Amino acid sequence: MGFTSGSSAGMRSSFGSFFWFLVFFCAAFLRSGEGFYLPGSYPHQYIVGSDLSVKVNSLTSIETEIPFRYYSLPFCRPREGIKDSAENLGELLMGDRIENSPYLFKMFTNETNVFVCQMNSLSTDDFNLLKKRIDEMYQVNVILENLPAIRYTKKDDFVLRWTGYPIGVKASNNAYYVFNHLKFNVLVHKYEETNVARVVGSTGDAADVIQTSEKSRSGKAGWMVVGFEVVPCSVLHNPEKTKNLKMYDKYPAKIQCDPTTVAMKVNENQPIAFTYEVTFIESDIKWPSRWDAYLKMEGAKVHWFSILNSLMVIAFLAGIVLVILLRTVRRDLNRYEELDKESQAQMNEELSGWKLVVGDVFRAPSHPMLLCVMVGDGVQILGMAVVTIFFAALGFMSPASRGTLVTGMLFFYLILGIAAGYVAVRMWKTIKGGDHSGWVAVSWRVACFFPGIAFLILTTLNFLLWGSHSTGAIPISLFIVLLLLWFCISLPLTLAGGFLGAKASHIEFPVRTNQIPREIPQQKYPSWLLVIGAGTLPFGTLFIELFFIMSSLWMGRVYYVFGFLLIVMILLVVVCAEVSLVLTYMHLCVEDWQWWWKSFFSSGSVAIYIFLYSINYLIFDLKSLSGPVSATLYLGYSLFMVTAIMLATGTVGFISSFCFVHYLFSSVKLD
């Protein structure tokens with residue numbers, strides 16, 4: 001068979017195009033590690049003097065991991081009353097509660113000594129609550145134009161970046177001081193064109209085409225907010241000068257903001273006055289780059305080289321294991337087929353163990369329905385993770401769009417219920433030899449197994465958050481919405497997938513199963529010990545990335561290197577498949593034909609090491625975590641996470657082992 005010169009040229013051209021597509025595709029993913037995102041939202045431009053509204057988010061702390069509403073503390077209320085901002089499903093699930101604030105700016109209008117309000121006296125309850133929140137190191141999170149306020153501090157020769165600012169501090173003399181004066185710096189960039197601007201964004205915060213407003217067309221320059229900084233100060237105000245002031249009046253004396261000193265001591269039945277100042281600074285930062293200050297990662301080169309080094313080492317080892325395994329199996333098959341029947345029988349007794357279990361290798365496992373249900377749920381979770389990370393790597397779920405990542409995960413999980421039902425029912429039909437009876441029960445269990453576990457864990461944790469009056473608690477209305485999504489979307493789609501799986505042809509086994517099961521020889525060591533130990537190799541592919549993910553979840557850091565995460569996930573899938581395949585082959589070689597569950601847990605056991613790592617992270621990295629409620633929340637969310645990981649990785653191992661065993665025994669010539 002040959003090709004003409006024209007077809008060869010066409011092949012080379014197609015291959016070249018495909019090659020450059022792969023190069024561009026990989027570059028885009030790696031570029032996402034530098035904050036590359038596709039456009040996601042329209043930037044806003046303001047003329048000089050336009051109102052800018054500052055919003056406040058939930059109070060957060062890495063000491064407790066329990067968020068609270070901003071107005072749960074004795075802070076100034078807006079003149080027009082407290083109003084909630086529209087929030088998506090992901091923001092509500094993450095505990096964000098964005099509300100308006102009394103801070104009001106005017107574009108490019110510097111203001112100083114602006115009086116907000118005075119809390120005439122602190123009640124005993126407010127006084128104790130304020131001290132408690134200061135002890136727990138709670139941070140105030142203010143937002144302007146979707147940008148969280150960033151705070152810079154110096155330690156030795158290093159400049160540290162923080163989002164938000166602390167409520168107050170506790171001095172060495174056990175006195176409490178509150179930050180009651182805020183110095184805001186707003187970085188703005190002048191709108192560059194008069195009609196239409198084309199901007200390709202890097203954080204999902206830009207737009208392809210930006211239409212100018214009528215006011216800008218009239219000749220007045222528009223400005224865009226590209227940075228938001230805050231400097232908190234503790235200033236002692238004179239109560240006599242503030243008692244007759246109204247909101248937004250000028251404080252009669254000049255306020256000196258020195259962040260290195262504190263003066264406003266918190267005492268019971270003592271008034272506290274709140275003031276602020278704002279300075280607008282023209283910046284060279286353009287709209288697409290305004291999130292760069294938040295996405296900077298210390299030791300980025302170390303992070304990249306560590307990830308790449310781990311990927312290369314694991315890929316190299318996994319490739320060696322795969323090559324050795326394939327060569328060994330192929331050599332056995334070739335030698336087996338070259339011998340006559342008598343020599344084959346002698347070879348079976350002397351050399352190979354896996355061919356002796358030919359009549360038992362496809363014997364139905366114990367609890368087959370549970371296995372099918374777990375595999376179906378694993379397919380759903382794995383598909384959700386891959387699709388979500390893929391779109392996040394392309395920039396559609398950037399950190400600039402709060403809640404979109406969680407919302408996307410929930411959406412893809414619901415849609416992939418059809419795949420879960422199909423895989424589970426078809427596997428059930430295969431184990432039953434083509435009999436699809438009971439497919440409805442399998443589909444129901446698939447739709448309820450993992451969501452039921454998640455519902456149990458999250459409901460228990462939610463009661464703890466409700467008891468703490470935290471914004472992290474899921475409201476009753478949202479609970480009802482989640483239940484409706486579960487029973488009105490996920491369940492019907494899973495049943496539809498199960499119906500398709502019941503109608504699909506089952507996978508025929510290449511060999512017949514004996515009526516009497518073969519006795520498994522006694523092993524020198526427990527086979528489950530090897531299964532549990534196999535999880536160390538998949539864990540080695542992700543433990544570095546796991547640290548950054550845990551830091552993002554529990555230390556308030558922004559995680560955005562979804563390109564690297566996608567590569568790590570692909571490598572994790574490959575390693576899980578190969579580890580399970582190798583262990584299945586080893587069990588068959590020692591005449592252990594009960595490989596079904598072992599293939600699942602040989603790769604699924606990585607969840608054990610992730611949970612142990614979570615405990616290690618709690619002890620050594622979150623050692624300041626205070627209170628049993630916070631520790632219970634951490635362990636509960638970690639248990640939920642490792643359950644999902646166990647189902648996903650176990651499914652990869654089982655499917656790879658099933659395909660390998662089917663291929664292996666279909667290649668053997670039998671009488």
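## Ser-603 and the crossing of H17 and H19

Ser-603 is found in helix H17. The model is predicted. Ser-603 has a relative accessible area of 0%. Buried means under 20%, so Ser-603 is buried.

What does Ser-603 touch, leaving aside its neighbours within four places in sequence? Its contacts are Cys-576, Ser-580, Thr-649, Gly-650 and Gly-653. Thr-649, Gly-650 and Gly-653 also appear on the H19 side of the contact between H17 and H19.

**The helix pair**

Helix H17 covers residues 596-604, and helix H19 covers residues 628-666. Their axes come within 7 Å and cross at roughly 130°. H17 and H19 are therefore oblique to each other. The crossing of H17 past H19 is right-handed.

Both helices supply residues to the contact. From H17 come Trp-596, Ser-599, Phe-600, Phe-601, Ser-603 and Gly-604. H19 brings Met-646, Leu-647, Thr-649, Gly-650, Thr-651, Gly-653, Phe-654, Ser-657 and Phe-658. How do the residues of this contact divide into nonpolar, polar and charged? There are 7 nonpolar residues, 8 polar residues and no charged ones.

**The whole chain**

The chain has 671 residues. Its secondary structure comes to 19 helices and 16 strands. Some totals follow.

| Property of the chain | Value |
|---|---|
| Buried residues | 48% of the 671 residues |
| Accessible surface | about 32,500 Å² |
| Share of the accessible surface belonging to carbon and sulfur atoms | 63% |

Sequence separation gives another view. Take the contacts between residues at least 6 apart in sequence: 83% of them join residues at least 24 apart.

Technical notes
Residues are numbered from 1 along each chain as its sequence is written. This is a predicted model: local features need pLDDT of at least 70, side-chain atom pairs count only at pLDDT 80 or more; totals for chains, interfaces and linings use all residues. Side-chain values use heavy atoms; hydrogens and water are left out. Axes are lines fitted to C-alpha atoms, for helices over the stretch in contact, and angles run from 0 to 180 degrees between N-to-C directions. Helices (H or I, at least four residues) and strands (E, at least two) are DSSP runs, numbered from the N terminus. Angles under 35 degrees count as roughly parallel, over 145 as roughly antiparallel, 65 to 115 as roughly perpendicular and the rest as oblique. A crossing is left-handed if the near helix is turned anticlockwise from the far one by less than a right angle, and right-handed if clockwise. Contact means heavy atoms within 4.5 Å. Ala, Val, Leu, Ile, Met, Phe, Trp, Tyr, Cys and Pro count as nonpolar, Asp, Glu, Lys and Arg as charged, and the others, Gly among them, as polar. Buried means under 20% relative accessible area, exposed over 50%, partly exposed in between (1.4 Å probe, protein chains only). Accessible areas come from the Shrake-Rupley method with a 1.4 Å probe; for residues, only the protein chains shown count as cover.
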